[in-house]
Amino acid sequence: MKNDLILRAIKGEQVERPPVWMMRQAGRYLPEYMVLRRKYDFFTRIKTPDLACEITIQPIDIVGTDAAILFSDILTVPEAMGLEVQMVPDKGPYLPKTVKTKEDLDQLVVKDAHHEMQYVYDAIKVTKEALNDRVPLIGFAGAPFTILCYMVEGKGTKTFLESRKMLLATPELAHGLLQAITDVTIKYLQSQIEAGADLVQVFDSWSGLLDRQTFNTFCLPYIEQIAMAIDGKVPVIYFPRGNWHSLADVDKLPIDCIGLDWATPPAYARSQSDKCLQGNFDPAKLLMSPDRIEADTKEMIRAFGTHNYIANLGHGISPNVPVENAKRFVDTVKNWSN
Ligand code: CP3
């Protein structure tokens, strides 16, 4: 690997500067992506390995991040489990069929669902070849609770009330669904690793809606199963967005790195965990002037320190970020010297 900075940082090795990548760096804000977006619909982009590969590598060529993340989506899993997923332009995902009852749960495909995502493993193989060991490739999946949210509601919502109701009012049903998702996700991530993913991230985008006890009951045991099944084969990053209150509990998981949202103070996170931390530049700050981006990025690195640290955003980059601004964020980290 020509640039293995992220792999060394996550193992706790001393590095010359922190590695940097951006959540949702593939797609969205890059004009080169928009050209392909106009030509091919979302699932064609994801399911055609050569297209997924091209989009994955765009930010490496254009912005120069230290890792690539496969162009795909967390909703490949519900689709593989038998729920149709539509991507409605300007609105986001829509699942016509949802899971509300035990009967719905019993109809989901579990045992062989990971075979339905062969296109993801093929995309990883093609991308690994094209990257030619320039930078590591990150595979990913949604965390079981976040996937449950889309399966229950059928779309994104602000509060995911139906999903939280399922956990609280029918915990057995919720645990049954979370276990089914976990079983598929384990095989899915293992297959991504076999195909060549050098590390993996698990996105819990909606876990911050849960209080500490609910989070600890319905999220952590499933993340633990996933991490145990990966069993040190590659590093695992877990991103529980908004769960600052549970960092000490997350710290006990057999994972290698905790992703932090932008509202979590670096010093507080360090006081809760000795693990490698990733984050947590507010994506809205990428809309400031490049000079202010540089100043705040430096402040973030100082606050985290350069050891056991991966520089990233506190959530996905937004589509309206000028490429020049994203570059300034990345370059500021790359020009850092201890
Ligand atoms: O770096 C990357 O962008 C890699 C690919 C990637 C996508 N989605 C592509 C995508 C990744 C890592 C994801 C993860 C994802 N998808 C999450 C977790 C991270 C997060 O942002 O919280 C979630 C919750 C989803 C579900 C999802 N997919 C939503 C809510 C939407 C619509 C709004 C949006 O743009 O995020 C999608 C569609 C989607 N997934 C797009 C892309 C590039 C936009 C569709 C398009 O450009 O046509």
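Colleague: Happy to look at this with you! In what order do the 7 strands of the open sheet stand?

Modeller: Keep in mind that this is a predicted model. The sheet is open and its pairing is parallel. Going across the 7 strands, the order is E1-E4-E5-E6-E7-E8-E9.

Colleague: Which strands stand at the edges, and why is one side of each left without a neighbour in the sheet?

Modeller: A strand at the edge has a single partner strand, so one of its sides is left without a neighbour in the sheet. That applies to two strands here, given with their residues: E1 (68–69) and E9 (309–313).

Colleague: Let's stay with E9, then. How many bridges join strand E8 to E9?

Modeller: Strand E8 covers residues 276–281 and runs parallel to E9. Across this pair, Asn 280 stands opposite Asn 312 in E9. The number of bridges joining E8 to E9 is 5.

Colleague: Is the peptide bond from Gly 279 to Asn 280 cis or trans?

Modeller: Good one to check! Most peptide bonds are trans. Asn 280 is found in strand E8. For the bond from Gly 279 to Asn 280, omega is near -20°, and the bond is cis.

Colleague: And the backbone of Asp 90: is its phi positive or negative?

Modeller: Asp 90 is found in the loop between strand E2 (86–88) and E3. Most residues other than glycine have a negative phi. Asp 90 is not a glycine, yet its phi is about 70°, which is positive.

Colleague: On to the ligand. Which pocket does the ligand sit in, and which elements give two or more residues to the shell around it?

Modeller: The ligand sits in the largest pocket. Two helices and a strand each give two or more residues to the shell: helix H2 (31–39), helix H3 (42–47) and strand E3 (92–94).

Colleague: How many nonpolar residues does the shell around the ligand have?

Modeller: In total, 22 residues surround the ligand, and Ala 26, Arg 28, Asp 73, Ser 205 and His 315 are the closest. By class, 5 residues of the shell are polar and 5 are charged, while the number of nonpolar ones is 12.

Colleague: Which residue has a polar side-chain atom 2.6 Å from a nitrogen atom of the ligand, and what share of the ligand's accessible area does the protein cover?

Modeller: Two residues reach oxygen atoms of the ligand: Gln 25 with a backbone N or O atom at 3.0 Å, and Arg 37 with a polar side-chain atom at 2.8 Å. The side chain placed 2.6 Å from a ligand nitrogen belongs to Asp 73. On its own the ligand has 840 Å² of accessible area, and the share covered by the protein is 88%.

Methods: Residues are numbered from 1 along each chain as its sequence is written. This is a predicted model: local features need pLDDT of at least 70, side-chain atom pairs count only at pLDDT 80 or more; totals for chains, interfaces and linings use all residues. Side-chain values use heavy atoms; hydrogens and water are left out. A residue is near a molecule or strand if one of its heavy atoms lies within 4 Å of it. A polar contact is a pair of N or O atoms within 3.5 Å; within protein, one must be able to donate a hydrogen and the other to accept it, and residues adjacent in sequence count only if both atoms are side-chain atoms. Accessible areas come from the Shrake-Rupley method with a 1.4 Å probe; for residues, only the protein chains shown count as cover. On a 1 Å grid over the protein atoms alone, a cavity is a set of points where a 1.4 Å probe fits but cannot get out, and a pocket is an open set with protein on both sides within 12 Å along at least five of seven lines; lining residues have an atom within 4 Å of a point. A molecule sits in a cavity or pocket if more than half of its atoms lie within 2 Å of its grid points. Helices (H or I, at least four residues) and strands (E, at least two) are DSSP runs, numbered from the N terminus. Ala, Val, Leu, Ile, Met, Phe, Trp, Tyr, Cys and Pro count as nonpolar, Asp, Glu, Lys and Arg as charged, and the others, Gly among them, as polar. Two strands pair if DSSP finds at least two bridges between them.
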